[in-house]
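Me: I would like to learn how to read a protein model step by step. Could you take me through this one?

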Amino acid sequence: TIDIGDGWAWKEREVTDGDGSLEEDFTSQGGWTTVSSFPSEIHLELLKVGRIPDPFLSFNEHDVQCKEWLYRCVFSYPLHNSMDGLFTELVFEGLDTFCDVYLNGKLILEADNMFRTYVVCDSIVQVPSTGLTPSSQESTLLLHFKSAKVIAKKLEGKYGRVRAGSTNLGDPSRVYVRKAQYDWRWDWGPELMTCGPYRPIRLRTYKARLATVAPYALVSPAPLLTPSFRLDVELAGDISTVRALRCVVRDTKTGLIVKDQRVQLDVSESKISNAVIFDDIGDAVTLWWPTGYGDQQLYIVEVTLLGDGEVALDYSEQRVGFRRIELIQEPLTTADRYGTGTTFLFEVNGVRMFMGGSNWIPADNFLTRITAERYRDWVTLLRDGNQNMIRVWGGGIYEPDVFYDICDELGILVWQDFQFACGVYPAHDAFLESVKREAEDNIKRLRSHASLALFCGNNEDYQMVLQWGDVPELPARVIYEDLLPTLVSNLSTTSPPTPYHRGSPYGGEGWDTADPTVGDIHQWEIWGGKERPYQEYWRMGGRFVSEFGIPAMPDIKTIDYWLDGDQKERRVQSKLMSQHCRAGAHDRRFAIVMCETFRPTTKLEVYAYNTQIMQSEAIGLAYRSWRREWRGEGKQFCGGVLVWQLNDCWPVTSWSLVDYFLRPKPAYYTVARELQPITVGIFRTVTKNRDNDRPVQFYEFGAFQSKDATIDLWGTNSTLTERTAKLELRCFDLESEWTHVETHDVVLLPNQTTELLSIACPEPLPHGDYGSTRAHTTRSHSVVVHARLIDSDTGGVIARYSDWPQPYRFIDFPARWKDIHVHAVGERVTISVDKPVKSLVLSARSASNGEVVGRDKDKVAWSDNNLDLVPGDPQTITVRGGEGMRFEMSMMTLDEKESWVCSVD
């Protein structure tokens, strides 16, 4: 196998009325520019030679739309006496998207699907063996990339215009093209119609080879959970030369061989089922577990194809993990607030697990810029944030192998959408055939990954049809309900087969994708839809919430990056700020949710921070409330929560927990706390003096008066053992010196929620004691309730949570910077307070030169952030990165005071 990665050049193709000829482009020397790296995307090539401005800055996105491009490469391959009778193939792992491929002037491929691997057989002119001496031969590859946008409109003219999302989601003609749909623009991404050979191109020469290697790492049902192994192979080439096959299973951690078997083959057909069987492998291997439940033990499966004289004809290497994953959808006999219905939960190795995670979009608009290191940084953030599942969304790409390898290693389960999103996709014969090849390629590529938990047919296609109400039929049903599930079942290498779900969301009768009792739901009635207050998340869940979210601005350093020094636009609601917030009517929607809870501000830094705290509070409430519904056997009402979204594809205001530069927003840390193995939660219900339709946790000082409040406390325990603890409840009044403390001995049941306490919210005495100046009937409106779970044996804090009265715009925050005390020793930073503090966010700058610390080359990582603190409960966190530098820690609170600065070594 030879990588064809050197010697490439590119140039713009001059398009004529007659479409022109490419003949002179095979030999012409003029106009070609050497590629900067390969694989390649034309925007990055143009950017590196200064032909276009950076599309991620300012308004430049609109100045970099591209048309047709050529790539050319002259490559050599060895010739030797043994080449007589060999098979040759050119392998194109990723061409984006419409690409005619010429070899030595001959058209050998017309690619039209970005997601396929194209193999062109017998591409090289056959070499006669007579008198041949070792040498080499040159060939020329020419790639002609055409405009996906232009071709999409032609296809739309042929097949008809259909519905495909809103104006936020690009031109609806995109549904006719098998190209990453977010390239057309999405409500968090730019319109950048990329093209180029974005994945490797290889020349493969062989006598006989392993066309397909399918290792089955099987685990029997619980309670036995017995591992076994078998191997299917499919051969290509001259199979009469094949004599044997050797299979070695090796421990990735120790390198030791677990199993080694040579199998004699008498090959009459290319497909060989059960070529190797290890029924006794269970004594030598251990199970793979998701993060938080055990080790991520992986094994290398080495397969060697042998010919005469034990000559190795081909070699394959894959990693597998022995695990059993099932999607459990069974009737519920106990009702929750929605009724009964069925569960939607994942069981791994016989253990039912609550899934807490995120949705994933491509981490860059330019895919070749996402290095293996960057993938690892992203997935590590997910794992370190206590998340155990990631959903690869259907409007992006099937990620490269390295992404799934890292998920295997870190124990992150993968929900994999097929690449269809928000549209009425066609189902004519050519389209179905292309989708079939695409699905086969990717199922075979991904099926052996231990992390693969689910294949899903599409994103929101059923939901969109119901939402619009004017689309009589969804032609692509044949894809989602027939083609894809059949392929997943037939090609899976697990038992039972990899679970398949026909769409996300999908559930109730008549495609009722909003039915909270069946299947999964996308909860967009907050921020979008009916624009309800985020405080209502608690009663808007379902059996599995696979999308929900609230947007927030990124770190101010990221905002300054895209502003690119334009000080006129450095303000709230400027043109350039709008350019980098793609969600429709975002200013109006921000205004609704922001004004309900926060004080208005025109200061950009404060406004950005307020959006971040709004996102943090909303998402924290959702995770906390919905995880509470994991109530034990027969009452697992919510099986998982996946926030929209983990990441960004460019610098932007979006729903992401972590921005494009891998800078976590405050919500990232909130989610990490809510997904710790053990948590404590509080929910406050305010009683008012008259019925009303306002959110239940709101206090009011106008139309009605709040009379009192109750608080419910619960603990969650995702471990598989019972845990005893002491529940400590401490209350603080923000308008006086009043405090309250009480403790309770509690037992947290394993793998479920345990309700702990339901009481009237403690509150100060009514007659102005403790220095209170309140003049209204409500006495709990200024009380902060702080709960801790303390280990009964060690006295250490297991979990904590502070419930503050809402809305925050009414609060007079009592703490000043003198009330906050920071003690730093090495990487450990301890913070204590004299008065309650809400949402303390720490950032870092180099004290020596004032430059930002935390760009890709100088990463600073906080173990926790966005802290709620109360007196008597100091919190210690660690900060890593930027060794040998001095830091300034900038802290903000919701009352818009200037940042407080503390220099530490």
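Me: Let's begin with the surface. How much area does the chain expose, and what share do carbon and sulfur atoms supply?

Reply: Happy to help, and please keep in mind that this is a predicted model. The exposed area of the chain comes to about 34600 Å². Carbon and sulfur atoms supply 47% of that area.

Me: What percentage of the residues count as buried?

Reply: Burial is judged by relative accessible area, and buried means under 20%. By that cut-off, 61% of the 905 residues of the chain are buried.

Me: How many helices and strands does the chain have?

Reply: There are twelve helices and 43 strands in the chain. The radius of gyration is 30 Å, close to the 29 Å from the globule rule for 905 residues, so the chain is as compact as a globular protein of that length. Along the principal axes, its C-alpha atoms fill a box of roughly 110 × 65 × 65 Å.

Me: What share of the contacts with a separation of 6 or more comes from residues 24 or more positions apart?

Reply: Those residues account for 71% of such contacts in the chain.

Me: Now a single helix, please. Which residues of α3 are buried?

Reply: A good start is to check the length of the helix. Helix α3 (residues 372-384) has 13 residues, which should span 18 Å at 1.5 Å a residue, and its end C-alpha atoms are indeed 18 Å apart. Its buried residues are R374, Y375, W378, V379, L381 and L382. These cover an arc of only 145° around the axis, which puts them on the same side of α3.

Me: What do the buried residues of α3 pack against?

Reply: Their partners are the strands β21 (355-360) and β22 (389-392), together with the helices α4 (401-410) and α12 (666-674). Just after α3, N386 has a positive phi of about 65°.

Me: Let me try α2 in the same way. Which of its residues are buried, and which are exposed on the other side?

Reply: Helix α2 (residues 148-159) has twelve residues and reaches 16 Å from its first C-alpha to its last, close to the 16 Å expected. A148, I151, A152 and E156 are buried in α2. They cover an arc of only 145° around the axis, which puts them on the same side of α2. On the other side of α2, the exposed residues are K154, G157 and K158. G160 follows α2, and its phi is positive, near 105°.

Me: What describes a pair of aromatic rings?

Reply: Two values do: the distance of the centres and the angle of the planes. Ring centres must lie within 6.5 Å to pair, and the count here comes to 50 aromatic pairs. For W538 and F683 the centres are 5.2 Å apart and the planes at 55°, so this pair is tilted. W538 lies in the loop between β26 (521-523) and β27 (545-548) and F683 in strand β29 (residues 678-688), so the pair ties together parts 145 residues apart in sequence. F683 is buried, with a relative accessible area of 9%.

Me: How are the planes of F701 and F810 arranged?

Reply: Their planes are at 90° and their centres 5.2 Å apart, so the pair is edge-to-face. F701 is in the loop between β29 and β30 (706-717) and F810 in the loop between β35 (797-803) and β36 (820-825), so the pair ties together parts 109 residues apart in sequence. F701 is partly exposed at 31% relative accessible area, and F810 is partly exposed at 34%.

Me: Which residues form one aromatic cluster?

Reply: Look for F56, F366, Y561, W650, Y660 and F661, which form one.

Conventions: Residues are numbered from 1 along each chain as its sequence is written. This is a predicted model: local features need pLDDT of at least 70, side-chain atom pairs count only at pLDDT 80 or more; totals for chains, interfaces and linings use all residues. Side-chain values use heavy atoms; hydrogens and water are left out. Helices (H or I, at least four residues) and strands (E, at least two) are DSSP runs, numbered from the N terminus. The expected span of a helix is 1.5 Å times one less than its number of residues. Buried means under 20% relative accessible area, exposed over 50%, partly exposed in between (1.4 Å probe, protein chains only). The arc is that of the directions from the helix axis to the C-beta atoms. The radius of gyration is taken over C-alpha atoms; the globule rule is 2.2 Å times the number of residues to the power 0.38. Contact means heavy atoms within 4.5 Å. Accessible areas come from the Shrake-Rupley method with a 1.4 Å probe; for residues, only the protein chains shown count as cover. Rings of Phe, Tyr and Trp (its six-membered ring) pair if their centres lie within 6.5 Å; planes under 30 degrees apart count as stacked, over 60 as edge-to-face and the rest as tilted.
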